[in-house]
Amino acid sequence: MSQVFAFVEVVGGQASAASWEALGVARRLANGAQVVALIFGENAASIAQEAAAMGADSVLVCEDATLSVYRVEPYAALLAKLVSDHQPALVVGVGTGRTRETFASAAAETNSPLLTEAFEVSYEDNTLTVTRPAYAGKVQQKMSASGPGPKYLLVRGRAFKPNERDDARSANVTTVAPVLSEDQISTKVESFEAEVGKVKLTDAAIIVSGGRGMANNPATPPPGVPDPAVWKAQEGFANVLQPLADVLGAALGASRAAVDAGYISYDHQVGQTGKNVNPDLYIACGISGAIQHQAGMRNSKLIVAINKDSDAPIFKMARFGVVGDLYEIVPALTAELKKRLGK
Amino acid sequence: MRIVTFTRSTPDTATKVEVDAKGHVGWGDVATVVNPWDEYSLEETIRQAEANKATSAVLAIGPDMHNEALKHSLAMGLQEAYRIWQDGLDVSDSLAWATLAAAAVHKLGDVRMVIFGKESVDTASDQHAYQTARKLGWTMLSYVSKILAVDLAAGTIKVEKLLEEGKQVITAKLPAVLTVMKGINEPRYPNFMGIRKASKAVIPVWSAADLGVSLPPASTQVVAFMNPPARQVITEIIDGANAQEKAAKLVEKLLEAKVL
């Protein structure tokens, strides 16, 4: 077989941790063939050595100024050109906002097949077969791509393991030229406002999530607050759930009911119209477990439910359940974890 | 000038979707709704068309179940609706879908902006929007949380885009394809007059031939649909005299399960 490409996503001059899962999948599907890592953007050359340690046999890097801030146009143009020139059997990446766009655009340029969100994958006799969610995770879909020519594949984050790191490995590094010059690119990034210190839901090994029950906060709102329930829930997310998330290094999630009620911003929403997550541990606090929410978190390895209502559907999905007021249980849990984890 | 959006009918998010013994996906007798993400793109299309003195048009690709979404769109206030379909058309492949979408945009003519919802909650995902942009050769602006300015004379657009690690402000050249996020606007509910007018509307159907497209064999195939394996979980309720005792027992269990 010809070589297999693995796309390394660079964010802020560093390879995203999930990128190494792409190298893991590439190595497995390559079945002995060469694995080539593609690294575009800021610091690409210095990431190349890390890619070798994580399983790349060779690396193609492009560090041009047009690629230092991610934009789909120059990234997809370069990816499509490299794929056309090298004709790899497969182009493997881990699905994120950026890679979904870059892969789809590059695949459209050469009319190559693209299969996304794969959590099971095989490659035999030139046929790529994946299992992926459909109807927002309520059912699964098996899809395949066959025939000659490169095939693009995006796997779900945290669904596959990276290779064992081996710092003794080295790889041939080749610098490639960008395809588009600045005046051929139709977008300009005027400004960027970073949100710092937040653990991303889709990367998180642990998620602490709050629902409608967040409004049962016993804290007393200050006088003149327009909506006491909203104040209570917001206060609860910030001062009761966030400390639990902090001690666990977890991301903060929420149900759609909590987001729609204005308890927390939309970027925290887990579920069918929010983010689809698959952490090792999902702690659902005051979440009843509506079907939309289940669709977004059912792939969590272990689910803990904390809810006052012992009939809440979330308990049917949970390995461990605590029936009780989250405003009593969560602070006790935070204190106990601090003690046990030595923080 | 036109501003165009695409939509589709999907099962309501609260609906149970299942695969039957024959391998078909179904959701019983429950009515479909407009793909939830499209509420925002439909609203934004109406607003942008009004602000820029353009005609708003909505398209769907697929069988007649998608008329429901088109009628909802007309009831909201979209001015034109079209459906692309012919018997035997396979649009499960995103490239085939995007090829038809781009051809339909060309057929409409004088389109400066195509606005998509962030993704679709059925089998279509977000790759359809990106590939439509590529097939058109237009600027792609994804995850747009605000349209800050549109200057048709200068052919430019300025948007705020959400990233996983923050927000960007981007200026770009038109024509452009956008995907817009929940929160970009407050979608309106169709009023009675709108619903009445939409119910009488006859929606033109264009075939691939009408669009001048002959599709190559699809590059991807749907092999099967399956129900996800049931979660094999035995729930253990943690008991205790008080919150502290329950918390201590739970932490013990989580340490044993090696998830901390």
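Here are four short exercises, with worked solutions, on a predicted model of chains A and B.

**Exercise 1. Size up the interface between chain A and chain B: how many residues are in contact, and what area is buried?**

Start with the head count: chain A puts 86 residues in contact with 77 residues of chain B. Next comes the area. The size of an interface is often given as the accessible area lost when the parts come together. For chain A and chain B that comes to about 7000 Å², and carbon and sulfur atoms give 58% of it. Now look for the big contributors on the chain A side: A:Tyr135, A:Gln140 and A:Phe320 lose the most area to chain B, together 10% of what that side buries.

**Exercise 2. Work out which polar links cross the interface of chain A and chain B, and which element of chain A gives the most residues to its side.**

Begin with the charges: the rule finds 8 salt bridges across the interface. One to pull up on screen is between the side chains of A:Arg100 and B:Asp126, at 2.8 Å from N to O. Then widen the search to polar contacts, and you get 35 residue pairs between chain A and chain B, both partners at pLDDT 80 or more. As for elements, helix α4 (residues 97-109) of chain A gives the most to the side touching chain B, with 9 residues. Finally, sort that whole side of chain A by class: 39 nonpolar, 24 polar and 23 charged residues.

**Exercise 3. Find out how strand β13 of chain A pairs with strand β11 of chain B: parallel or antiparallel?**

Line up β13 (residues 187-194) of chain A with β11 (residues 166-173) of chain B: the strands run antiparallel and 7 bridges join them. To get your register, pick A:Ser191, which stands opposite B:Val169 in β11(B).

**Exercise 4. Decide whether A:Gln272 and B:Glu160 are buried or exposed, and say what their side chains hold on to.**

Take A:Gln272 to begin with. This residue sits in the loop between α6 (256-260) and β16 (281-285) of chain A. Its relative accessible area is 5%, so A:Gln272 counts as buried, the cut-off being under 20%. Its side chain makes a polar contact of 3.1 Å with the side chain of A:Lys138. Beyond its sequence neighbours, A:Gln272 has contacts in both chains, including A:Tyr135, A:Gln292, B:Thr13 and B:Trp37.

Now B:Glu160, in strand β10 (residues 156-163) of chain B. At 13% relative accessible area, B:Glu160 is therefore buried too. Its side chain is joined to that of B:Ser145 by a polar contact of 2.7 Å. Among the other residues B:Glu160 touches are B:Tyr143, B:Leu148 and B:Lys167.

Notes:
Residues numbered from 1 in each chain as written. Chains lettered and ligands numbered in written order. Predicted model: local features only at pLDDT ≥ 70, side-chain atom pairs only at ≥ 80, totals over all residues. Heavy atoms only, no water. Contact = heavy atoms within 4.5 Å. Buried area = accessible area lost by both parts, 1.4 Å probe. Salt bridge = Lys/Arg side-chain N within 4 Å of Asp/Glu carboxyl O. Polar contact = N/O pair within 3.5 Å; in protein donor to acceptor, adjacent residues only side chain to side chain. Helix = DSSP H or I, 4+ residues; strand = E, 2+ residues; numbered from the N terminus. Nonpolar A, V, L, I, M, F, W, Y, C, P; charged D, E, K, R; others polar. Pairing = 2+ DSSP bridges. Buried < 20%, exposed > 50% of the residue type's maximum accessible area, 1.4 Å probe, protein only. Lists of a residue's contacts leave out its neighbours within four places in sequence.
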